[in-house]
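I opened my notebook for a first look at a new structure. My plan was to start with a sheet and then follow some charged pairs.

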Amino acid sequence: MRSALLTICLLSAPAILFSQNIQNNPTSNHGNKFEQLGTILPDPNTYRTASGAPGHEYWQQRADYKITAFLNEKDLILEGEEEITYYNNSPDALSYLWLQLDENQHLPEAESNNFDGSNVDAPLTTGDLNGLNFKENLQGYGVNIISVTDAKGNSLPYTINYTMMRVDLPAVIKAKGKYVLKIKWNYKIPERMKIGGRGGYEKFADDGQSVFTITQWYPRMCVYSDFQGWNNKQFTGRGEFALAFGNFDVTMKVPADHIIGATGVCTNYSKVLTKTELSRWKQAQTSDSPILIVTREEALAKEKNPNLTGYKTWNFKAENVRDFAWGSSRKFVWDAMGIKVDGKKVMCMSYYPDEAYSLYSRYSTKVVAHTIKVYSKFTIPYAYPVAISVEASSGMEYPMISFNFGRTEPDGTYSEATKYGMIGVIIHEVGHNFFPMIINSDERQWSWMDEGLNTFVQFLTEQEFDNNYPSRRGPANKMTDYMRLPADQLEPIMTNSENIIGFGNNAYGKPCTALNILRETIMGRELFDHAFKEYCKRWAYKHPTPADFFRTMEDASGIDLDWFWRGWFYDIQPVDISMDSVKAYQVVLGETLPVKMDTFTRRGNNRKEYEHVSRIRNKESGMVFLVDKDTSLRDFYYFYKPEETAGKEMIENRYSNLEKLATEDFKKYEGKFIYELYFTNKGGLVMPIIIQWNFKDGTSEVERISAYIWRKDEQNVVKAFVKDKEVESIVLDPYLETADIDTKNNQWPQLPKLTRFELFKNKTTVRGGNNANNPMQKAKMTN
């Protein structure tokens, strides 16, 4: 520790001189947090440019499918045949093809069923025992490959490695060539609610009927890309998938009284629907509210008297999609409405059992429509003709169709948590049409690129539904509990999907929070929204990587964000900026006299009543929320608000002596206050310093200082401010927008003892050495 006698100089006027003890801590790791990512990112090339855009030689593969399927409800078997036309748009010759067999995750010998630890906790449940006894309970599951042939029917050799199948070719597929192969298969449909998995069936105890969710069900082409070759990483149930785009023509034979919702457009409604249902379907095309195609009463009648012998064959076609999924059941109530997006019609639809009727009939399809509109505003216009929500007591997404939850009590009532949980999951899963179904990132490698980006736009969509929507993720303060965990319980966002410990926080919550902070605090809405849309436009129907996202956000905004990506995505350090001390001064003409500082009152830790910054700016922008446009969405919980109480605390300030010396040259500064704030970066993650000044006259002012203030000393910063009014209290991060994990050190509740000033008319010497980082000395030295 050393003492230094400093002189503060205001412009070229005579100096204000004061004595002060200052603790000097040496900086550590100068500049590390602000270095460019450099070699951390892959080198740009002709496929992917340094700007983050696809290069002039960018390429990607394509796979078209023609599939026929038979749903054997009696034996719970799915049978299928497919013809795949694979287009090799790469510059490479391919001697084999890799396909995904996701249903093999249910093989008893699959390593993913046994590579996690397990323990015994009392009391044991049936589910616990089934999990421990998985080898016996999974007998008979997995994909049975019946044949693999070329277009002429010649057998092709293949090798199955758990959830991956390699098909060896008789000759290479040359660059720009194509190949046709045919596959026959079947598998036992898993009872999803018992053994888990993304697809399967759920049997309802009350009526004995089932809802089938047929997903990840056919042998699917793996991605072959410029940045990693074949993506043949095993499917273990967590990291989802990466797939090639293509066109689908899918025919499904199902029990005659089933209703199907699927990816794409049905080509034969006139054959599979009744005249009444078909008439309602046509009415729904132009309706601005949901029209019931299959009513509740009609669905209940089929539950009581199922058709167990007849079948109907449905056909769906979809263009430029990366996958195909479908749901089938006689339990489905079905409603639909048409909306316009960018001049094109989108049919928004919901399929749900009676167990979800009270919630889904009121909300689901309207939430689907709201999601498509808001996501289209923030990303790219939705280009597919259909968007579907299916209630299946789950949460999973596929092109144009998603499987969600939201069941009521037997009497049709529901809790507020169930309502908002349902709305949130519908927005999230329907939103996945954009990330990753259109902006087609690799979920197997980087879960955050679809889950995190999608959760962020989900938050924006929730806030436009209702400005009081209780979003679980988005506001920075929702992430602080996770970020303050011990280091051994954290991983960087960039961690591979399979290795993440806190999956929900790491893949969903933290990247969502990071993007919201970028938008509201670092970049501002205008620059962020433009850059984010540019990323979506550049990489729609393509395969982006993290580097493409990072580079595009900087390229389109003109902001260097490498420090932000480094801290939030490649590191685990939290935000904790401490305001260690405050020193206050006043420039006054006159005699020395004692001054008494009055007591003051502040609500809870000197903070104004908290409302997150997104909500405040939404109000300021004049945003009209969906619950105000459509008041039918206002239920009991909209009007019911529990009483809230907030405590107040009284803080008394100390007396202080203020020495005032008269001089005519300082009249322009008479009465002004100077505050010197000392900050420490205790958490390690550099962030902007946001200061709320609460003045004694009851007014407030928020001042924002860029994160670059830490670039020369990443641990300690001193900053002085001149104010016209006397400050009563100071609060850092007043709207909790930086994810600061410790707000107790973010406030100045007491006015410190004011220090003596001596004004020297003709002295400008800086005693104790120059300090170019001191803003007031810098002003003097540059004039």
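**Entry 1: an open sheet**

I looked up the sheet and found seven strands forming an open one, with mixed pairing, in the order 6-9-4-3-15-19-17. I noted that the edges belong to strand 6 (143–150) and strand 17 (265–266); each has a single partner strand, so one side of each is left without a neighbour in the sheet. A reminder to myself: strands of a sheet pair through backbone hydrogen bonds, either parallel or antiparallel.

Then I turned to one edge. In which sense do strand 17 and strand 19 pair? They pair in the antiparallel sense, over two bridges, with strand 19 covering residues 311–321. I also looked for the bridge partner of Val265 in strand 19, and it is Lys317.

I should jot down here that this is a predicted model.

**Entry 2: salt bridges**

How many salt bridges does the structure hold? I found 37, and I picked a few to follow.

My pick to begin with was Arg330 and Glu73, whose closest N and O atoms are 3.0 Å apart. Arg330 lies in the loop between strand 20 (326–329) and strand 21 (333–341), and Glu73 in the loop between strand 3 (62–72) and strand 4 (77–87), so this pair ties together parts that are 257 residues apart in sequence. Are these partners buried or exposed? Arg330 counts as buried at 1% relative accessibility, and Glu73 is buried too, with a relative accessible area of 18%, as the cut-off for buried is under 20%.

**Entry 3: Glu391 and Arg407**

I went on to the salt bridge between Glu391 and Arg407, where the closest N and O atoms are 2.7 Å apart. Glu391 lies in strand 23 (residues 386–391) and Arg407 in the loop between strand 25 (401–404) and helix 8 (416–431), so the pair ties together parts that are 16 residues apart in sequence. Glu391 counts as buried, at 0% relative accessibility, whereas Arg407 counts as partly exposed, at 23%.

**Entry 4: Lys419 and Asp635**

Next I checked Lys419, which forms a salt bridge with Asp635; their closest N and O atoms are 2.8 Å apart. Where do the two lie? Lys419 is in helix 8 and Asp635 in the loop between helix 16 (626–629) and helix 17 (636–639), so parts that are 216 residues apart in sequence are tied together. Lys419 counts as buried at 2% relative accessibility, and Asp635 counts as buried at 5%.

I closed with a network: salt bridges that share partners join Arg519, Glu520, Arg525, Asp529 and Arg617.

Key. Residues are numbered from 1 along each chain as its sequence is written. This is a predicted model: local features need pLDDT of at least 70, side-chain atom pairs count only at pLDDT 80 or more; totals for chains, interfaces and linings use all residues. Side-chain values use heavy atoms; hydrogens and water are left out. Two strands pair if DSSP finds at least two bridges between them. Helices (H or I, at least four residues) and strands (E, at least two) are DSSP runs, numbered from the N terminus. A salt bridge is a side-chain nitrogen of Lys or Arg within 4 Å of a carboxyl oxygen of Asp or Glu. Buried means under 20% relative accessible area, exposed over 50%, partly exposed in between (1.4 Å probe, protein chains only).
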